[in-house]
Amino acid sequence: MSTSKLEQLKSMTDVVADTGDIEAIAKYQPLDATTNPSLVYKAAQLEQYQELINAAVAATHSPQAAADYLAVSLGKEILKIIPGRISTEVDARLSFDRQATVSKAKQLIEQYAKFDVNPDRVLIKIASTWEGIQAARELEAEGIQCNLTLLFSFAQARACADAGVTLISPFVGRILDWYKQQNPDQDFNGANDPGVQSVSRIYNYYKQHGYGTIVMGASFRNTLEIEELAGCDRLTISPGLLESLSQDHSALERRLIDDHQNTLDKEPALSEAQFRFESNQDAMATEKLAEGIRNFILDQEKLEALLAQK
């Protein structure tokens, strides 16, 4: 039998599992895994994770602390079956508080250390607000690696590169969602997908200017989006789409190629005023960032309510 598209993709891109489901991660054998409040909340409702939930509640004194403990416990279990790193998210309610984000990140790293997990195997996930990016700058300077998420705009990507963050998660599917809502009759398939175009632009900019920040496309709606980004540094993919790729044995063509690294000088860093102005000019990015933070907060609160009942 010919090689599956998933295996072909793994030969050109580091594949990451976008799930908190340990069984799914074991099945598809990704390099890394990412979680967020929505995925932790979803996992917390599954029978096989009740032992972790009970341990989190027993070890802490508040639903908020139990939620952090559970996210780290889940991360520790996932790290047993992947060779790379786990991304664990800072409480989205802190998205506009730089110092609180720094403090929470350090707490998460300390909790991992109590589970004998080396900090090198953890990425702290932070929303790509100006405050979040500046928190990541401070954390990276102290050796804590960060994954900047809810990234929808080129301004966010530039600011993250300026801050020297380890990895960014530019979203694809949520960008497509916005444009489809605005222009329902337009053809957004394949290379016409605005989410694909956004990630491709960021990837090429980083390589041209010699930025070391890893580009990890996220939030996919279909396998065509993934195929159009084959060759990206990393792609984080849900179990459903990983399964579709594993069942497809047709040829996969590499789309993104790093053949022009360091050809251009780095541009001056964006100031806060420039960042906020450029973000404000991008309606899609402004709306999707706000919506993403609100939804993560909603699922964080649902998770804490679930834990409070235990």
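The side chains of Lys10 and Glu7 meet in a salt bridge, with 3.8 Å from N to O. By salt bridge I mean a side-chain nitrogen of Lys or Arg within 4 Å of a carboxyl oxygen of Asp or Glu. Lys10 and Glu7 are three residues apart in helix α1, so about one helical turn separates them. Helices here are DSSP runs of H or I with at least four residues, strands are runs of E with at least two, and both are numbered from the N terminus.

Before going on, a note on the source: this is a predicted model, in which local features need pLDDT of at least 70 and side-chain atom pairs count only at pLDDT 80 or more, while totals for chains, interfaces and linings use all residues. Residues are numbered from 1 along each chain as its sequence is written, and side-chain values use heavy atoms, with hydrogens and water left out.

Back to that pair. Lys10 is partly exposed, at 25% relative accessibility, and Glu7 is partly exposed as well, at 41%. For these words, buried is under 20% relative accessible area, exposed is over 50%, and partly exposed is in between, with a 1.4 Å probe and protein chains only.

Glu7 also has a partner through its backbone. Its nitrogen lies 3.1 Å from a polar atom of the side chain of Ser4. Ser4 sits in the segment before α1, which covers 5–10. It is buried, with a relative accessible area of 8%. What does Ser4 touch beyond its neighbours within four places in sequence? It is in contact with Leu245, Ser246, Asp248 and His249, where contact means heavy atoms within 4.5 Å.

Asp248 comes up again with the next residue along. Lys5 forms a salt bridge with Asp248, and the closest N and O atoms are 3.1 Å apart. This pair links distant parts of the chain: Lys5 is in helix α1, and Asp248 is in the loop between α12 (239–247) and α13 (272–281), 243 residues apart. Lys5 is buried, at 6% relative accessibility, whereas Asp248 is partly exposed at 26%. Salt bridges also join Lys5, Glu227 and Asp248 in a network.

The loop between α12 and α13 supplies another pair. Arg255 forms a salt bridge with Glu228, with 3.9 Å between the closest N and O atoms. Arg255 lies in that loop and Glu228 in helix α11 (residues 223–228), so the pair ties together parts that are 27 residues apart in sequence. Arg255 is partly exposed, with a relative accessible area of 41%, and Glu228 is buried at 15%. How many salt bridges does a search of the whole structure find? The count is 23.

Now to helix α8, residues 154–163. How many of its residues are buried? The count is 10 of the 10, so α8 is largely enclosed by the rest of the structure. Among the buried residues are Phe154, Gln156, Arg158, Cys160 and Asp162. The buried residues of α8 pack against α7, β5 (146–151), β6, α10, α13 and α14 (283–308). Just after α8, Gly164 takes a positive phi of about 70°.

Thr166 follows in the loop between α8 and β6 (167–170). It is buried, with a relative accessible area of 13%. Leaving aside neighbours within four places in sequence, its contacts include Arg85, Leu123, Glu140, Cys146 and Thr213.

One of the helices packed against α8 is α7. Trp130 is in this helix, which spans residues 130–141. Trp130 counts as buried, at 13% relative accessibility. Outside its neighbours within four places in sequence, Trp130 is in contact with Leu270, Ser271, Glu272, Phe275 and Arg276.

Another helix packed against α8 is α10, and α10 also meets α9. The axes of α9 (residues 173–182) and α10 (residues 194–209) come within 7 Å and cross at roughly 135°. The axes are lines fitted to C-alpha atoms over the stretch in contact, and angles run from 0 to 180 degrees between N-to-C directions. The two helices are therefore oblique to each other; under 35 degrees counts as roughly parallel, over 145 as roughly antiparallel, 65 to 115 as roughly perpendicular, and the rest as oblique. Ile175, Leu176 and Tyr179 in α9 meet Pro194, Gly195 and Ser198 in α10. The residues of this contact divide into four nonpolar, two polar and no charged. In that division, Ala, Val, Leu, Ile, Met, Phe, Trp, Tyr, Cys and Pro count as nonpolar, Asp, Glu, Lys and Arg as charged, and the others, Gly among them, as polar.

Note on methods. Polar contact = N/O pair within 3.5 Å; in protein donor to acceptor, adjacent residues only side chain to side chain.
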